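Visitor: I should like to learn how the features of a protein model are read. May we begin with charged side chains and proceed from there?

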2 protein chains.
Amino acid sequence: MSALPPGSTIGILGGGQLGRMMSLAAGRLGLKCHIYSDVRGPACDFAAASTIAPYEDTAKIRAFAEAVDVVTYEFENVPLEAAAAAEAVAPVRPGPKALEVAQDRLAEKTFIRDLGIPVAPFAAVDNAASFDAAAAGIGGAGILKTRRLGYDGKGQMRIASAAELPGAFEALKGVPSILEGLVPFAFEVSVLVVRGVNGETRFYDVPLNTHKEGILDTSTVPSPIPPAHAKRATELAAAIADALGYVGVLGVEMFYLGADAPEPLVINEIAPRVHNSGHWTQDACLVSQFENHIRAVAGWPLGATERHSDVTMTNLIGADVDRWAALAAEPGTALHLYGKPEARPGRKMGHVNRIRPRSA
Amino acid sequence: MSALPPGSTIGILGGGQLGRMMSLAAGRLGLKCHIYSDVRGPACDFAAASTIAPYEDTAKIRAFAEAVDVVTYEFENVPLEAAAAAEAVAPVRPGPKALEVAQDRLAEKTFIRDLGIPVAPFAAVDNAASFDAAAAGIGGAGILKTRRLGYDGKGQMRIASAAELPGAFEALKGVPSILEGLVPFAFEVSVLVVRGVNGETRFYDVPLNTHKEGILDTSTVPSPIPPAHAKRATELAAAIADALGYVGVLGVEMFYLGADAPEPLVINEIAPRVHNSGHWTQDACLVSQFENHIRAVAGWPLGATERHSDVTMTNLIGADVDRWAALAAEPGTALHLYGKPEARPGRKMGHVNRIRPRSA
């Protein structure tokens with residue numbers, strides 16, 4: 001298809017901070033946004049229109065899709081029925097296939113493994129009968145995760161041995177789960193790949209990611225990953241994006257096992273949307289991940305992904321945001337706040353990007 | 001006063017592209033915007049609320065001011081009565097004094113001259129009786145400008161000699177005008193100064209500006225102005241901002257007469273708002289002029305004004321915008337479109353920022 005002309009409207013399923021930052025990016029390009037969300041969220045304050053209705057209300061979804069020129073989403077748990085209802089009326093990018101795969105950890109891992117791309121050992125845990133085979137499959141310690149709806153460390157239980165599996169399964173309320181083996185990684189990285197409607201892919205520099213209590217804490221570029229392995233990381237991400245027929249920004253989290261490992265990179269998980277580990281692109285690149293996502297879903301040429309500065313992004317979680325005034329005064333620091341009214345523990349309230357002159 | 005907390009609402013008088021880019025900048029900071037405009041403009045698509053009503057409707061202005069936490073403006077021709085009506089309810093920043101001075105070229109030139117700051121020779125032209133004295137005052141060629149409501153070269157007539165003054169005055173419909181002497185400048189620069197509620201001032205690098213048909217064409221940093229004179233330029237701008245008790249971004253256009261001139265810098269005009277010659281700050285600085293304006297009017301600490309990249313901003317005027325798809329594909333180029341529906345000749349439709357690694 002040809003590019004949507006300036007003045008077109010991007011429909012966004014989801015009204016959180018990712019939708020807000022997408023909408024702000026669309027504003028640079030002369031586009032506007034229409035938010036669809038089950039609750040009024042921070043994106044609504046920067047949208048030309050908002051529809052607040054359940055994702056299950058297919059009539060409302062259809063009316064929303066009719067009012068826009070293309071539909072995208074800012075979270076991977078958009079009900080497939082909602083995406084399908086929208087797609088009957090307008091293009092949905094990335095497509096429903098990406099949603100389908102990313103919503104179910106078992107489907108995701110299987111999909112990636114079937115591409116010949118390394119993932120941690122995994123096994124389905126559906127009931128007590130699956131305990132022994134699953135434990136044998138990963139061989140020892142691991143993490144039991146619900147197949148659906150987990151994020152930021154929620155819906156996960158670490159087990160030190162097979163003996164702890166029944167308790168963990170019970171703690172997760174016995175819902176269909178996946179047991180993943182632990183990967184002895186040196187550090188964690190991610191690839192932010194953007195893929196255009198014509199199949200072109202571009203990559204941002206690969207950030208080093210650190211976590212606190214299961215939530216992303218910092219993303220830093222450049223990361224210590226050797227250039228050849230950074231290139232390998234982008235190739236793996238591109239293979240996944242290609243296999244999904246993906247359009248937009250895809251976040252691919254990876255474990256880096258070290259330069260001497262036989263297989264240095266193992267996929268952790270994918271996120272079919274702009275990704276928290278790419279927020280640094282707002283201030284260290286000419287075209288941010290948000291703008292490139294909008295460009296891709298609007299059928300536009302992709303923008304520059306090179307970084308002009310080194311940078312560390314740090315999330316502001318919960319009460320971290322109370323320091324906003326001090327952070328706003330800090331030299332070399334860009335402050336991003338999401339406009340959420342209440343700083344609950346574990347809630348992503350904003351982030352800061354601290355930039356430095358580009359090192360190499 | 002203390003800083004407005006995140007979640008506060010900035011009221012903006014005016015709904016054009018400057019208001020739109022202010023609103024997008026406010027979005028980064030967790031703030032939101034309410035636009036007041038006599039017509040629905042491109043800012044409205046990114047505002048939490050919009051009031052469309054005449055600027056003369058003081059009841060509507062008052063209700064608008066009651067709904068927001070601070071009021072600012074994006075164009076200098078806000079009626080003083082509207083600013084006064086708003087100020088009775090909420091702080092107006094920059095204050096009405098800046099509007100009063102900037103709305104009348106004669107008041108502006110007089111104000112600057114009385115600060116001991118160089119301006120081009122000027123004289124009032126109110127009627128035929130003032131022709132002789134005005135022509136003598138500037139001594140030869142000059143530009144006759146309406147005192148009010150001129151912009152982008154509109155409301156101006158160049159005269160080669162005193163003999164052309166009557167015809168020019170008639171062409172401007174005999175409205176109160178000002179005759180300005182020509183300044184033999186080497187090139188044009190501007191200062192973007194931001195002044196906080198506490199009186200702190202910060203400056204962006206001084207751009208070199210070029211014009212086409214009376215409209216800004218390009219702004220480039222670094223400019224060829226010697227560092228000592230760039231410093232002098234910022235001091236002049238700060239003196240004006242201080243004298244106005246200014247809060248926010250002030251644009252000060254200056255003629256640079258060359259390193260050997262006895263007085264190298266002469267003020268051309270001031271704009272009590274974010275300024276077109278500062279649009280490059282969006283992509284070459286960590287904190288843009290738009291964000292710093294919002295920070296200042298919200299009582300926040302000012303942000304970083306250093307440039308991380310060299311840059312040339314080029315305006316897209318009228319049909320220039322038809323090239324948007326090619327510009328979007330151009331490496332090293334950030335495209336900004338304003339979302340205006342119709343590309344009329346002379347209309348500012350967008351701009352591009354072409355960045356390069358910082359040279360020095």
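Guide: A salt bridge is a side-chain nitrogen of Lys or Arg within 4 Å of a carboxyl oxygen of Asp or Glu. By this rule, the count over all chains comes to 40 salt bridges. The model is a predicted one, in which local features need pLDDT of at least 70 and side-chain atom pairs count only at pLDDT 80 or more, while totals for chains, interfaces and linings use all residues. Residues are numbered from 1 along each chain as its sequence is written, chains are lettered from A and ligands numbered from 1 in the order in which they are written, and side-chain values use heavy atoms, with hydrogens and water left out.

Visitor: Which side chain meets that of R273(B) in a salt bridge?

Guide: The partner is E76(B), at 2.6 Å from N to O. Helices (H or I, at least four residues) and strands (E, at least two) are DSSP runs, numbered from the N terminus. In those terms, R273(B) lies in the loop between β14 (265-271) and α9 (281-284) of chain B, and E76(B) in the loop between β4 (70-73) and α3 (80-87) of chain B; the pair links distant parts of the chain, 197 residues apart.

Visitor: Are R273(B) and E76(B) buried or exposed?

Guide: A residue is buried under 20% relative accessible area, exposed over 50%, and partly exposed in between (1.4 Å probe, protein chains only). R273(B) counts as buried because its relative accessibility is 14%, and E76(B) counts as buried at 12%.

Visitor: Where do the two residues of the pair E330(A) and R354(A) lie?

Guide: Their side chains meet in a salt bridge of 2.5 Å, N to O. E330(A) is in the loop between α11 and β16 of chain A, and R354(A) is in strand β17 (residues 348-357) of chain A, 24 residues apart. E330(A) is partly exposed, with 24% relative accessibility, and R354(A) is partly exposed at 27%. In another pair, the side chains of R202(A) and E200(A) form a salt bridge of 2.8 Å, N to O. There, R202(A) is partly exposed at 26%, and E200(A) likewise falls in the partly exposed class at 32%.

Visitor: How many salt bridges are counted between chain A and chain B?

Guide: The count between these chains is 2. The side chains of R28(A) and D283(B) meet in a salt bridge of 2.9 Å, N to O. R28(A) and D283(B) also belong, with E291(A) and R295(A), to a network of salt bridges.

Visitor: How should the rest of the interface be read?

Guide: Contact means heavy atoms within 4.5 Å. By that criterion, 39 residues of chain A are in contact with 39 residues of chain B. Buried area is the accessible area (1.4 Å probe) that two parts lose on being put together, summed over both. Between chain A and chain B it is about 3100 Å², of which carbon and sulfur atoms give 63%. In chain A, the residues that lose the most area to chain B are R28(A), F46(A) and L286(A), together 21% of what that side buries.

Visitor: What is a polar contact, and how many residue pairs make one across this interface?

Guide: A polar contact is a pair of N or O atoms within 3.5 Å; within protein, one must be able to donate a hydrogen and the other to accept it, and residues adjacent in sequence count only if both atoms are side-chain atoms. Across the interface of chain A and chain B, the rule finds 15 residue pairs in polar contact, both residues at pLDDT 80 or more. The elements giving two or more residues to the side of chain A that touches chain B are α1 (17-28), α9 (281-284), α11 (324-328) and β16 (333-337) of chain A. Of these, α1(A) gives the most, with 6 residues.

Visitor: Where is R195(A) found, and what lies around it?

Guide: R195(A) is in strand β9 (residues 187-195) of chain A and is buried, with a relative accessible area of 13%. A polar atom of the R195(A) side chain lies 2.8 Å from the backbone oxygen of Y246(A). Leaving aside neighbours within four places in sequence, R195(A) is in contact with residues including E200(A), D242(A) and L302(A).
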